[in-house]
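This report is meant for someone opening the structure for the first time, and it moves from aromatic rings to charges, cysteines and the surface.

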Amino acid sequence: MELLLYILFGVTVVLVLVIIYLLIRRKKYTRERFAFYSIFLLASMAGLFVSHIFTDNSFVIIIYKILNKCFDLNLQIPYTDWTGKAWSLVIYFIFASTIFGIFKTWSGGKSDEDLKAKEMHKEMTYVEALIRSFKSFNIEIVNEVRKNIPEKGTDFTYFNISQDWHTQVKEIFSFISTQYQITKENWHSEQNIYISKYDTSDIAIFCTLTKPADEIIQEKINFLTQYYHDKEFKKIIVAIQNHSVLKEERIIGGFNVEFRYKHELLCNIVKFDEYFDFIRSEFDDKEITSGDELKLKDIYVEQSAVTHISKESKKQKKEIANIEEFILKWANNKKTGKHIALLGEYGQGKSVLSLKIAYELIKSKSDRIPIIIELRGKSPKNETLLDILASWASRFNINAKAVEKLLEEGKLVVILEGFDEMDLAGDKYARRLHFKRLVEFMRYEKSKVLITGRPNLFFDTNEMEEFLAINQDINNLFYCTAVILKHLSLEQIKMALRNVNEAIREEMLNILQEEKRNTNFKDLISRASTLYQASIIWDKLDKQNINSASVINQFIKHSYQRQVEKFNTIGRTGIEPILTIKEREYFTLGIAVFIIKNDSYSNQISNHSLIEVILKLFYNMPEEVSNDHVNSILLSKRLADDPHKIETIFNDVRASGILVKDLTKNNYFKFAHKSFLEFLFAFYFSHYKYQNNDYYTKVVNSITNSLNMQDIYKIELTDEIIQFISELLLERNNKTFKENELAKKLLKVVLPSKLINSYPRIFLHKHFRVTINALSIGILFLIFLNVITYKDFFSSGKYILFLLIMFLPVVYFHQIIQFSKIRQPMKIWHKTCKASIKDDCIHSVICDKTIEYILGDSVNDKIGFEYIIKKIKNFILRNKG
């Protein structure tokens with residue numbers, strides 16, 4: 001029996017060491033691997049617990065017996081009563097809870113199944129992980145997801161896509177028309193001829209590298225008439241690889257001979273007419289917002305940029321006066337191997353510039369066809385390049401394989417638009433795999449790739465340079481040049497406002513040139529998107545306190561109002577919109593919160609999810625939301641007799657102009673601009689933190705209950721959302737704070753009070769922590785050296801003192817863990833303070849006020865909070881920029 005216990009003890013110790021190793025190297029192992037070892041650890045510990053209950057052999061007693069047996073120490077073995085056994089159960093329960101807690105919050109490597117579950121906004125259960133580990137443990141070792149991560153960075157080699165010319169001919173003609181019936185079996189290698197059919201007619205295709213002389217063609221005709229005299233060849237095609245000439249036809253030896261050249265053939269394998277019309281319409285004809293009459297061509301202005309230079313580079317930043325001209329010159333340049341990453345903040349016009357580049361290349365009939373692939377909501381790591389091309393091509397009834405052929409042959413400019421909106425873009429692991437796949441577009445030797453997005457998606461500059469292949473190493477075959485869009489200059493702003501009402505234009509420009517208000521206002525309207533929005537709703541803005549949040553807020557309200565006015569201009573009596581402005585605002589706000597809750601980086605929601613959200617919001621809608629109805633009739637009563645009420649609301653919400661159909665994915669919707677989504681969540685957040693029992697508090701609480709928003713700080717907030725939150729917080733506090741109220745007022749809003757007051761302050765005192773830790777280690781040392789030899793140690797009550805002393809460090813470390821959760825609240829708080837305090841020593845002021853708030857009246861007790869103060873100071877120093 002004792003031998004079995006020793007084995008069980010040894011297994012437990014080994015498994016504990018394995019678990020510790022897995023935790024230390026968690027990036028190298030999956031959740032399933034952790035579950036596999038942890039279940040055996042829990043089982044062996046359960047065996048030791050059972051032995052303690054029934055044989056009086058506890059973990060400590062087994063250690064004593066091993067020491068006595070191995071080292072002949074003759075230590076007195078302490079035995080326990082039922083109180084000690086009860087504590088053994090408690091300790092086992094705590095240990096098991098820790099194991100399950102680590103599993104649930106696993107931050108290490110992830111398997112394909114784990115990632116798929118996360119993409120579906122689910123969590124892999126412990127049982128599911130165990131089943132997978134038992135079924136495919138060996139396979140998982142070989143095919144762990146970590147193997148997919150390039151250890152040496154991006155692969156800078158080209159794909160090997162070389163093919164014989166006759167193989168290319170077969171492929172190209174099959175793309176041109178399915179009526180060509182060309183097979184490998186009909187290839188005559190000696191004569192370089194395919195004997196084929198076009199529909200029901202016999203044809204022959206002669207494959208050659210250069211244009212042949214008439215004598216050679218006559219030889220091929222003689223071959224055909226001698227060996228295929230039973231066929232009536234309607235046409236003989238000469239497919240020529242090395243010349244760029246238009247096709248021509250001649251009669252040679254009584255046969256109709258058609259000369260086709262590779263360049264000309266490639267130009268005919270895809271009909272881009274529908275796509276070209278779409279691009280022209282998007283730029284020339286489509287209203288930016290319905291009813292406001294302005295098109296992109298009316299407000300578009302040429303922008304400037306600056307090149308990004310890495311820290312290691314000795315080159316200087318290069319100013320680019322006209323980024324459109326720069327990119328068009330690059331696109332038309334025959335030289336390959338260089339690609340462009342177009343980077344810019346929200347609202348700077350990256351999407352519009354991408355559209356304008358495509359528009360100009362189409363208009364100038366460039367040799368390269370621009371294709372805009374929107375990355376919104378896509379998961380490139382789970383797709384092949386052909387899948388990504390197919391998602392674009394299917395919209396225009398284009399053969400994706402033919403598009404891939406054009407990519408191989410250098411006939412495309414691939415524009416990958418909006419990398420910051422990819423699925424799971426906030427997860428560094430998934431992000432790495434996404435970009436690894438996208439960079440493969442650059443691995444075609446003749447390709448040209450333009451990729452656009454917000455640079456703040458990346459953790460730091462090093463990550464950005466690695467993921468986007470921003471590297472000009474001479475050993476690499478290709479690289480990416482990053483260009484950063486600059487804010488609009490005064491002249492560019494004037495140009496962008498050329499079609500705006502003259503009085504509005506002059507007032508905006510006058511305010512811009514006022515020195516005192518230049519900085520904030522210029523930052524706002526020097527972004528193409530918010531400049532347009534501000535011009536549309538200029539008369540409704542508070543000119544004294546204008547910021548991005550106020551502009552977008554008014555613009556969204558303007559869109560709601562436009563929807564109501566549409567019904568007023570229909571020309572029929574008795575017609576009213578399904579939803580009032582407040583009701584439409586309520587549903588739109590709830591939809592935005594749902595999208596951010598699931599993925600704060602992706603601006604996308606499926607048809608099914610949209611209906612599901614509307615259903616939840618409808619049945620939790622406060623009565624006050626319908627107060628603006630002309631007869632104050634509740635929405636539930638107005639739609640009581642409608643059997644399709646949810647679909648009716650769904651149709652009205654998506655017709656508001658704020659939500660639009662996402663053309664990159666079937667049955668998906670998006671917010672017309674990502675900044676709308678980010679602002680709406682910031683609006684929700686600011687009212688969620690301020691509970692004033694007003695109208696919006698009721699709306700926000702209803703949304704919170706409908707969507708089960710348990711902990712708002714678990715959501716990863718983007719920098720843009722935090723910017724909007726800070727602007728809204730300032731607006732709710734009369735635009736600015738007095739210095740003596742700054743920290744207390746702000747921190748009470750953004751920082752959960754339990755993080756400040758959850759435990760007595762003595763636990764954070766430096767001398768107290770040192771003393772407690774020393775005592776705890778000392779008592780453990782005494783126990784294991786058998787200095788404490790009381791047989792009745794556990795029954796005498798001494799264990800209570802021991803557990804109390806051991807518990808205090810646990811409390812201390814728990815407090816530290818609690819304060820690690822303040823990262824996002826602190827970012828919001830710091831940004832708001834920076835926007836409010838006009839002081840050269842802003843960071844010192846903020847830090848002092850924070851410490852004053854945390855310590856309250858006990859100003860002299862700072863030493864008890866030196867850990868928190870250190871954290872705050874470090875945070876402020878890191879965010880000085």
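Rings of Phe, Tyr and Trp, the last taken by its six-membered ring, are counted as a pair if their centres lie within 6.5 Å. In this model, which is predicted, one aromatic cluster is formed by Phe272, Tyr275, Phe276, Phe278, Trp392 and Phe396. One member of that cluster, phenylalanine 278, also has a charged neighbour, since arginine 395 lies over the face of its ring at 4.9 Å from the ring centre.

Across the model, the count by the pairing rule comes to 35 aromatic pairs. One of these is the edge-to-face pair of tyrosine 532 and phenylalanine 555, with 6.0 Å from centre to centre and 65 degrees between the planes. This pair links distant parts of the chain, as tyrosine 532 belongs to helix 21 (residues 528-536) and phenylalanine 555 to helix 22 (residues 548-568), the two being 23 residues apart. Both tyrosine 532 and phenylalanine 555 are buried.

Another pair is made by phenylalanine 683 and tyrosine 696, and it counts as edge-to-face because the ring planes stand at 85 degrees, with the centres 5.0 Å apart. Here too distant parts of the chain are linked, with phenylalanine 683 in helix 27 (residues 674-689) and tyrosine 696 in helix 28 (residues 695-707), 13 residues apart. Phenylalanine 683 has a relative accessibility of 11% and therefore counts as buried.

A charge placed over a ring occurs in the two cases set out below.

| Charged residue | Ring | Distance to ring centre |
|---|---|---|
| Arginine 395 | Phenylalanine 278 | 4.9 Å |
| Lysine 582 | Tyrosine 695 | 4.4 Å |

In the second row, the part of lysine 582 that sits over the ring of tyrosine 695 is its charged end.

How many disulfides does the count come to? The count comes to zero disulfides, where a disulfide would need a pair of cysteine sulfur atoms within 2.5 Å. Two of the cysteines can be described by their accessibility: cysteine 267 has a relative accessible area of 48% and so is partly exposed, whereas cysteine 480, with a relative accessible area of 1%, is buried.

At the surface, Val13, Leu17, Ile20 and Ile24 make a nonpolar patch of about 370 Å². Isoleucine 20, one of these residues, has its place in helix 1 (residues 2-24), and it counts as partly exposed because its relative accessibility is 41%.

Methods: Residues are numbered from 1 along each chain as its sequence is written. This is a predicted model: local features need pLDDT of at least 70, side-chain atom pairs count only at pLDDT 80 or more; totals for chains, interfaces and linings use all residues. Side-chain values use heavy atoms; hydrogens and water are left out. Patches are made of residues with over 30% relative accessible area and no salt bridge: like charges are joined within 9 Å, nonpolar side chains (Val, Leu, Ile, Met, Phe, Trp, Tyr) within 5 Å. Accessible areas come from the Shrake-Rupley method with a 1.4 Å probe; for residues, only the protein chains shown count as cover. A salt bridge is a side-chain nitrogen of Lys or Arg within 4 Å of a carboxyl oxygen of Asp or Glu. Helices (H or I, at least four residues) and strands (E, at least two) are DSSP runs, numbered from the N terminus. Buried means under 20% relative accessible area, exposed over 50%, partly exposed in between (1.4 Å probe, protein chains only). Rings of Phe, Tyr and Trp (its six-membered ring) pair if their centres lie within 6.5 Å; planes under 30 degrees apart count as stacked, over 60 as edge-to-face and the rest as tilted. A charge sits over a ring if NZ of Lys or CZ of Arg is within 6 Å of the ring centre and within 35 degrees of the ring normal.
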